Amino acid sequence: AADCERIVLGLPWIAQAQITMTAQPSAMDTSTLGMAQVGAVIAVSSCKGGVGKSTTAVNLAYALQSLGATVGIFDADVYGPSLPTMIKPDDDVVRFVGRQIA
């Protein structure tokens, strides 16, 4: 986090920044929850609206994809998901395998 803070504070238009980075291994067996092929989950969150969470998530997903990762985004904003206005998937058909979304 110190390196990130140093880089961000080095930008001429940034007066101050507070950066918190955390990570914890999963405490449960995700293979039974339909997430057996998920290597990592990255959450973008804030307690305030309109701060760029969806934009950050989309940019992060595209950046990881450009590095060779297979990515997916879940927009949990029940009041107004903005991802459908930001990106258009190649295939938006929902497929089920048993009771799970494939």
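**Group meeting: a walk through the model**

Let me begin with Ile14, which is partly exposed, since its relative accessible area is 26%, a value that falls between the 20% below which a residue counts as buried and the 50% above which it counts as exposed. I should say at once that what we have in front of us is a predicted model, so please hear each value as one computed from that prediction. Ile14 sits in the loop between H1 and H2, and if you look from there to Val78, which is 64 residues away along the chain, you will find 32 Å between the two C-alpha atoms.

Staying with the loop between H1 and H2, we come to Ala27, which also has its place there. Is Ala27 buried or exposed? With a relative accessible area of 85%, Ala27 is exposed. Its C-alpha atom lies 35 Å from that of Gln16, although the two residues are 11 apart in sequence.

Val41 is another residue in the loop between H1 and H2, and because its relative accessibility is 63%, Val41 counts as exposed. On the surface, Val41 joins Met35 and Val38 in a nonpolar patch, and together these three residues present about 250 Å² of accessible area.

Let me turn now to helix H1 and to charge. In general, side chains of opposite charge can pair when their charged atoms come close. The structure holds 1 salt bridge, and Arg6 forms a salt bridge with Asp3, where the closest N and O atoms are 3.8 Å apart, which is inside the 4 Å cut-off used for such a pair. Why are Arg6 and Asp3 separated by about one helical turn? The reason is that they are 3 residues apart in helix H1. Both partners, Arg6 and Asp3, are exposed.

In helix H2, I would point to Leu60, which is partly exposed, with a relative accessible area of 32%. Leu60 and Ile42 are 18 residues apart in sequence, while their C-alpha atoms are 9.4 Å apart in space.

That leaves the second largest pocket, which holds about 560 Å³ of space. It is lined by 16 residues, and those closest to its centre are Thr20, Ala43, Val44, Ser45 and Thr56. Which helices each supply at least two residues of that lining? They are helix H1, covering residues 2-9, and helix H2, covering residues 53-66. As for the character of the lining, its residues divide into 9 nonpolar, 6 polar and 1 charged.

To close, I would leave you with three places to look at in this predicted model: the salt bridge between Arg6 and Asp3, the nonpolar surface patch of Met35, Val38 and Val41, and the second largest pocket, to whose lining helices H1 and H2 each supply at least two residues.

Definitions and conventions
Residues are numbered from 1 along each chain as its sequence is written. This is a predicted model: local features need pLDDT of at least 70, side-chain atom pairs count only at pLDDT 80 or more; totals for chains, interfaces and linings use all residues. Side-chain values use heavy atoms; hydrogens and water are left out. On a 1 Å grid over the protein atoms alone, a cavity is a set of points where a 1.4 Å probe fits but cannot get out, and a pocket is an open set with protein on both sides within 12 Å along at least five of seven lines; lining residues have an atom within 4 Å of a point. Grid points are joined across faces, edges and corners, and a volume is the space filled by probe spheres set on the points. Helices (H or I, at least four residues) and strands (E, at least two) are DSSP runs, numbered from the N terminus. Ala, Val, Leu, Ile, Met, Phe, Trp, Tyr, Cys and Pro count as nonpolar, Asp, Glu, Lys and Arg as charged, and the others, Gly among them, as polar. Patches are made of residues with over 30% relative accessible area and no salt bridge: like charges are joined within 9 Å, nonpolar side chains (Val, Leu, Ile, Met, Phe, Trp, Tyr) within 5 Å. Accessible areas come from the Shrake-Rupley method with a 1.4 Å probe; for residues, only the protein chains shown count as cover. A salt bridge is a side-chain nitrogen of Lys or Arg within 4 Å of a carboxyl oxygen of Asp or Glu. Buried means under 20% relative accessible area, exposed over 50%, partly exposed in between (1.4 Å probe, protein chains only).
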